[in-house]
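Visitor: I should like to learn how to read surface and burial features in a model of this kind. May we go through it together?

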Amino acid sequence: MAKSNKPIVWSLFAGGGMLSAFVTPVLIFVTGLAVPLGLMSLDSLSYDRMLVLAQNPVGKIVLFAVIFLPLWHAAHRLLTTLHDVGLPKGRIAMTACYGAAALGSIAAAVVLLRI
Amino acid sequence: MTEQTLQVEILRYRPETDQDPAFQTYTVPYRDDWVVLDALNHIKDNIDRTLSYRWSCHMAVCGSCGMMINGEPKLSCHAFLRDYYPNKVRVEPLANFPIERDLVAVTDDFMEKLESVKPYVIPQQERAVDEGPHLQTPAQLNAFKQYTMCINCLLCYAACPQYGLTPDFVGPAALALAHRYNLDTRDAGREQRQEIAASNEGVWDCTFVGECSQACPKSVDPAAAIQQTKIASTIDWYKALLNPWGKR
């Protein structure tokens with residue numbers, strides 16, 4: 001049997017799953033609850049601070065990671081879920097799922113590099 | 001006092017006479033210490049000698065009596081009537097396998113897959129008897145011990161939606177047993193098993209539904225074995241990519 005190339009997408013899926021499980025809830029808490037409810041200072045998410053974060057090379061890498069890895073996680077999960085509910089494994093579903101993740105990743109990279 | 005009874009609905013299929021499988025209902029005495037297998041044995045001994053099913057040990061060791069009981073894969077020797085009484089119990093052959101006859105499933109596909117993953121110790125070097133036993137620490141034994149509990153009952157295959165959708169999938173028990181030998185310190189056969197385990201039909205067809213580990217009557221966790229194999233295979237893949245001249 002041929003050796004599979006699935007590890008490429010699976011490692012992005014696994015990495016994205018890890019981030020989605022550990023980092024995304026914190027981000028939702030900070031951006032969606034803590035700051036709007038005044039638990040953290042409103043200033044902590046101010047435009048100036050966010051701009052400095054997005055301009056810093058390390059900040060760019062962190063922002064890119066929390067955007068692109070969960071996108072690949074979602075794409076792979078959605079594809080396998082479609083298969084679980086009985087949709088045949090086809091090029092169309094695969095192109096749509098992974099294509100969307102790839103486009104999102106490229107868009108995130110382009111936007112981050114232009115800041 | 002009238003005797004308490006229970007209705008058992010069994011999917012019958014006798015290929016020489018039946019066009020399609022059909023249910024037949026039997027009424028058996030109800031005893032709170034009876035399992036479904038006792039009810040089947042009662043039917044076979046007293047009501048209908050033509051009923052076919054597999055069983056041997058009656059104590060969840062041999063792995064022969066796996067069936068769908070009210071739609072769930074279970075060992076019929078492990079499913080008490082008291083958990084269903086007074087409702088009817090529906091008994092069908094294991095899902096995802098062709099029917100040989102009545103409750104007997106055709107399991108050749110699994111047997112071939114099991115053989116393909118070489119589920120035995122492949123030593124680096126043959127060891128002579130006078131070299132003594134190959135010692136293992138308790139920690140080394142613990143690493144794989146749970147996977148040795150597999151009795152090949154195929155409940156995990158009947159539970160696995162992926163196996164139902166993709167018959168080529170090597171499946172939970174065979175992949176868990178491959179993992180069991182890969183983790184054994186006496187073994188050096190991982191590379192040979194990876195040919196099957198790391199293929200698309202191996203661990204990569206699994207979508208981590210996890211029903212296999214739920215269904216296992218021996219508390220083996222095939223889903224974990226498969227995910228661990230995915231991680232190890234991914235590391236192999238990147239190693240081969242970074243070092244194309246290295247050992248494949």
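Visitor: Does A:Leu39 count as buried or exposed, and why?

Guide: Please note at the outset that this is a predicted model. A residue is called exposed when its relative accessible area is over 50%. A:Leu39 has 60% relative accessibility and therefore counts as exposed. A:Leu39 sits in the loop of chain A that runs between helix H2 (24-34) and helix H3 (47-55).

Visitor: Which nonpolar patch on the surface includes A:Leu39?

Guide: A:Leu39 forms the patch with A:Phe29, A:Leu33, A:Leu37 and A:Met40. Together, these residues have about 490 Å² of accessible area.

Visitor: Turning to chain B, how many residues of helix H6 (residues 172-182) are buried?

Guide: Buried means under 20% relative accessible area. In H6 of chain B, 11 of 11 residues are buried, including B:Leu175, B:His179, B:Arg180 and B:Tyr181.

Visitor: What covers the buried residues of H6(B)?

Guide: The cover includes helices of chain B, among them H2 (108-116), H3 (138-145), H7 (190-197) and H9 (222-242).

Visitor: How should chain B as a whole be described?

Guide: Chain B has 9 helices and 7 strands, and its C-alpha trace spans about 75 × 40 × 30 Å along the principal axes. Of its 248 residues, 46% are buried. The chain exposes about 13,000 Å², with carbon and sulfur atoms supplying 50% of that area.

Visitor: How far apart are the mean positions of the positive and negative charges of chain B?

Guide: The mean positions of its 24 positive and 32 negative charges lie 4 Å apart.

Terms used: Residues numbered from 1 in each chain as written. Chains lettered and ligands numbered in written order. Predicted model: local features only at pLDDT ≥ 70, side-chain atom pairs only at ≥ 80, totals over all residues. Heavy atoms only, no water. Patch = residues over 30% accessible without salt bridge, like charges linked within 9 Å, V, L, I, M, F, W, Y side chains within 5 Å. Areas by Shrake-Rupley, 256 points an atom, 1.4 Å probe, with all protein chains shown as cover. Salt bridge = Lys/Arg side-chain N within 4 Å of Asp/Glu carboxyl O. Helix = DSSP H or I, 4+ residues; strand = E, 2+ residues; numbered from the N terminus. Buried < 20%, exposed > 50% of the residue type's maximum accessible area, 1.4 Å probe, protein only. Contact = heavy atoms within 4.5 Å. Lys, Arg positive; Asp, Glu negative; His and termini not counted. Charge placed at Lys NZ, Arg CZ, Asp CG, Glu CD.
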